[in-house]
Amino acid sequence: MSIKIDFLGHATFMLTSGEHRVLIDPFLTGNPKASTTADQLDPTAICITHGHADHMADAASIAKRTGATVYSAFEICEYLGEQGIENLEPGNPGGSIAAPFGHVSFTPAVHSSSFEGRYMGMPMGVVVELIGKRIYHLGDTGLFGDLKLIGDLHQPHAAIIPVGDRFTMGPAHAKVAAEMIGAPVAIPCHYGTWPLLVSDISAFTPDGIEVEALQPGASLTLE
Ligand code: NI
Ligand code: MN
């Protein structure tokens with residue numbers, strides 16, 4: 001069964017297969033590159049990699065409106081519970097959770113995680129296994145050696161990789177990351193959203209890997 005990967009701007013993605021719609025890192029409100037608005041989205045599940053506003057600004061409102069199950073760090077789920085969200089699946093790096101569509105696995109990420117001054121647990125990446133296909137969204141991270149191990153363990157069909165520099169890898173490090181992970185398709189994100197992030201990602205040229213630089217609003221289908 002195919003998976004449609006919609007890029008909604010910055011680091012926000014929707015993965016769709018059949019009746020399953022998995023939203024990753026919802027940031028539409030205040031996102032200068034957003035291709036849609038939060039109230040247009042109707043996910044069945046939401047994954048949040050870490051607590052920064054550019055990854056979870058719209059999580060609570062979308063979860064409340066849709067009843068979508070949220071998969072995220074223990075501390076983020078604790079926060080969302082206080083906001084009245086009921087369908088929560090908390091985890092931590094290294095853990096995997098069975099889902100109606102497959103699995104959600106949390107991976108390490110080298111970054112920080114806070115929201116409105118509150119500690120939000122460990123930053124993570126997420127491997128979403130959706131109807132047999134695995135999409136690895138790295139979250140925000142610098143380059144680290146265990147990306148090779150994560151690639152070997154999860155064998156992702158596509159990797160979504162931050163390339164904007166300053167807060168994450170830049171394009172040159174992201175090239176190394178994509179090669180270490182080894183997924184046949186790499187989708188760059190987290191660049192050009194604001195002047196602080198680089199816009200020129202011409203150095204992101206991983207060997208032997210198809211780069212799909214989606215524009216916000218564009219999508220890619222994995223057969
Ligand atoms: Ni961040
Ligand atoms: Mn970020």
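In the predicted model, the nickel ion (ligand 1) is coordinated by His50 through NE2, His52 through ND1, His111 through NE2 and Asp140 through OD, at distances of 2.2 to 2.3 Å. The four donor atoms subtend angles of 90 to 175° at the nickel ion (ligand 1), and the arrangement is therefore irregular. Along the sequence, the donor residues of this ion follow the spacing H-x1-H-x58-H-x28-D. Distant parts of the chain are linked by the pair His52 and His111, which are 59 residues apart. His52 belongs to the loop between strand S4 (45-47) and helix H1 (53-56), and His111 to the loop between strand S8 (102-108) and strand S9 (114-115). The two histidines fall into separate accessibility classes: His52 counts as buried because its relative accessibility is 18%, whereas His111, at 23%, counts as partly exposed. The cut-off that applies to His52 is 20% relative accessible area, under which a residue is called buried.

The manganese ion (ligand 2) is coordinated by Asp54 (OD), His55 (NE2), Asp140 (OD) and His190 (NE2), at 2.1 to 2.2 Å. The spacing of these donor residues in sequence is D-H-x84-D-x49-H. Here the pair His55 and His190 links distant parts of the chain, with their positions 135 residues apart. His55 lies in helix H1, while His190 is in the loop between strand S14 (185-189) and strand S15 (210-211). Both His55 and His190 are buried. The two metal sites share a ligand: Asp140 bridges the manganese ion (ligand 2) and the nickel ion (ligand 1), and the ions lie 3.1 Å apart.

On the surface, a nonpolar patch is formed by Phe167, Trp194 and Leu196, whose accessible area together is about 300 Å². Trp194 is located in the loop between S14 and S15, the loop that also holds the manganese donor His190. With a relative accessibility of 33%, Trp194 counts as partly exposed.

Seven salt bridges are found in a search of the whole structure. One of them joins Lys4 and Asp6, with the closest N and O atoms 3.0 Å apart. In this pair Lys4 counts as partly exposed, since its relative accessibility is 36%, and Asp6 counts as buried, since its value is 15%. Another salt bridge is formed between Arg134 and Glu129, where the closest N and O atoms are separated by 3.9 Å. This separation is admitted by the cut-off, which requires the nitrogen to be within 4 Å of a carboxyl oxygen. Glu129 has a relative accessibility of 22% and therefore counts as partly exposed.

A salt bridge is also present between Glu179 and Lys175, with 2.9 Å between the closest N and O atoms. These residues are four positions apart in helix H5 (residues 171-181), so about one helical turn separates them. Glu179 is partly exposed, as its relative accessible area is 32%. Lys175 and Glu179 are further linked with Asp207 in a network of salt bridges.

Note on methods: Residues numbered from 1 in each chain as written. Chains lettered and ligands numbered in written order. Predicted model: local features only at pLDDT ≥ 70, side-chain atom pairs only at ≥ 80, totals over all residues. Heavy atoms only, no water. Donors = N, O, S within 2.8 Å, 3.2 Å for Na, K, Ca; no water. Tetrahedral: all angles 85-135°; square planar, octahedral: opposite > 155°, others 65-115°. Helix = DSSP H or I, 4+ residues; strand = E, 2+ residues; numbered from the N terminus. Buried < 20%, exposed > 50% of the residue type's maximum accessible area, 1.4 Å probe, protein only. Patch = residues over 30% accessible without salt bridge, like charges linked within 9 Å, V, L, I, M, F, W, Y side chains within 5 Å. Areas by Shrake-Rupley, 256 points an atom, 1.4 Å probe, with all protein chains shown as cover. Salt bridge = Lys/Arg side-chain N within 4 Å of Asp/Glu carboxyl O.
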